[in-house]
Amino acid sequence: MNLLIMGLPGAGKGTQAAKIVEKFDVVHISTGDMFRAAIANQTEMGLLAKSYMDRGDLVPDEVTNGIVKERLSQADIREKGFLLDGYPRTIDQAHALDQSLKNIGIELEGVINIEIEPTKLVERLSGRIIHRQTGETFHKVFNPPADGYDEKDYYQREDDKPESVARRLEVNIAQGQPIIEHYRLAGLVHDIEGDQDIEVVFADIEKVLSKLQ
């Protein structure tokens, strides 16, 4: 199977990706892993990406797209299939992925889209607190301190505060919506309700993927 997994930050995408890889024995490809491998192996695109990173510049889309194409052309992908995680991030990258897959003769078979209401994600993502003395991380709702939560003993990072989280989600929604619609038009999107127990979410994903095998 050749799959994409999509979802907003905090939706549980990473957890479910690991379960899919274990159950269906596909190759998990994340953007970070691809970059590290391409640079370590000194591929043409890897060296090009490193030249940008060494200067402190953003790696342009054409280089990122090239690294993805390089990775998808490798033998383990043809043998097992893939689960692509963290790419495409923009509609232009989605079009580039379509072209890359076409060029190497691989067909995308499904897009797993884990959905949760953004307001619930704000609660999930903005609940993280850090103990001032020990540096231990807790969550106000899901992993509260055993001895109770006293505000004077804990702090929140700026990017964990509700307003920062809400802005981050807005950006992700704006970028992700055109990609989802692009693949929805192709009949590839399978929406999964993410606001359930982890095992229930995975059971729903299993039902979808079993039909694709």
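This short talk covers the annotated binding site, two aspartates and the largest pocket of a predicted model.

Good morning. I shall begin with the chain as a whole. The protein chain contains nine helices and eight strands. Its C-alpha atoms fill a box of roughly 55 × 45 × 30 Å along the principal axes. The chain has 213 residues, of which 41% count as buried. If we take the contacts between residues at least 6 apart in sequence, 71% of them join residues at least 24 apart.

Let me turn to the annotation. An unreviewed UniProt entry carries the label "binding site" for G10, A11, G12, K13, G14, T15, R128, T137, F138 and Q196. Do these positions all gather at one spot, or do they not? They do not, because the farthest two C-alpha atoms are 23.6 Å apart; in sequence, the set spans 187 residues. From this set, K13 belongs to the lining of the largest pocket.

I shall take two of the annotated residues in turn, starting with R128. This arginine is found in strand β5, which runs over residues 128-131. With a relative accessible area of 30%, R128 is partly exposed, because the buried class ends at 20% and the exposed class begins over 50%. Setting aside residues up to four places away in sequence, R128 touches T137, F138, H139, Q156, R157 and D160. Two of the names in that list, T137 and F138, also appear in the annotation.

T137 itself is in strand β6, residues 137-139. Its relative accessibility is 44%, so T137 also counts as partly exposed. Beyond its neighbours within four places in sequence, T137 is in contact with R128, I129, I130 and N143.

What does the side chain of D160 make with the side chain of R128? The two side chains make a polar contact of 2.8 Å. D160 sits in the loop between β7 (154-155) and α8. At 4% relative accessibility, D160 counts as buried, since the limit is under 20%. Apart from residues up to four places away, D160 touches L125, S126, R128 and V165.

A second aspartate brings us back to K13. D85 lies in strand β3, residues 82-85, and counts as buried at 10% relative accessibility. Its side chain makes a polar contact of 3.0 Å with the side chain of K13. Another polar contact, of 3.1 Å, joins the side chains of D85 and H28. With neighbours within four places left aside, the residues in contact with D85 are I5, K13, A17, H28, I29, S30 and T31.

Finally, the pocket. The largest pocket has a volume of about 670 Å³. It is lined by 27 residues, and those closest to its centre are M6, G7, L8, N113 and N172. Which elements give two or more residues to this lining? They are β1 (2-7), β4 (110-115), α7 (118-125) and α8 (162-185). The most comes from α8, with eight residues. By class, the lining divides into 12 nonpolar, seven polar and eight charged residues.

To close, I would draw attention to K13. This lysine is covered by the annotation, takes part in the lining of the largest pocket, and has a side-chain polar contact with D85. Thank you.

Key. Residues numbered from 1 in each chain as written. Predicted model: local features only at pLDDT ≥ 70, side-chain atom pairs only at ≥ 80, totals over all residues. Heavy atoms only, no water. UniProt positions renumbered as here; feature names shortened; annotations may be inferred. 1 Å grid on protein atoms, 1.4 Å probe; cavity = no way out; pocket = protein on both sides within 12 Å on 5 of 7 lines; lining within 4 Å. Helix = DSSP H or I, 4+ residues; strand = E, 2+ residues; numbered from the N terminus. Buried < 20%, exposed > 50% of the residue type's maximum accessible area, 1.4 Å probe, protein only. Contact = heavy atoms within 4.5 Å. Polar contact = N/O pair within 3.5 Å; in protein donor to acceptor, adjacent residues only side chain to side chain. Points joined across faces, edges and corners; volume = space filled by probe spheres on them. Nonpolar A, V, L, I, M, F, W, Y, C, P; charged D, E, K, R; others polar.
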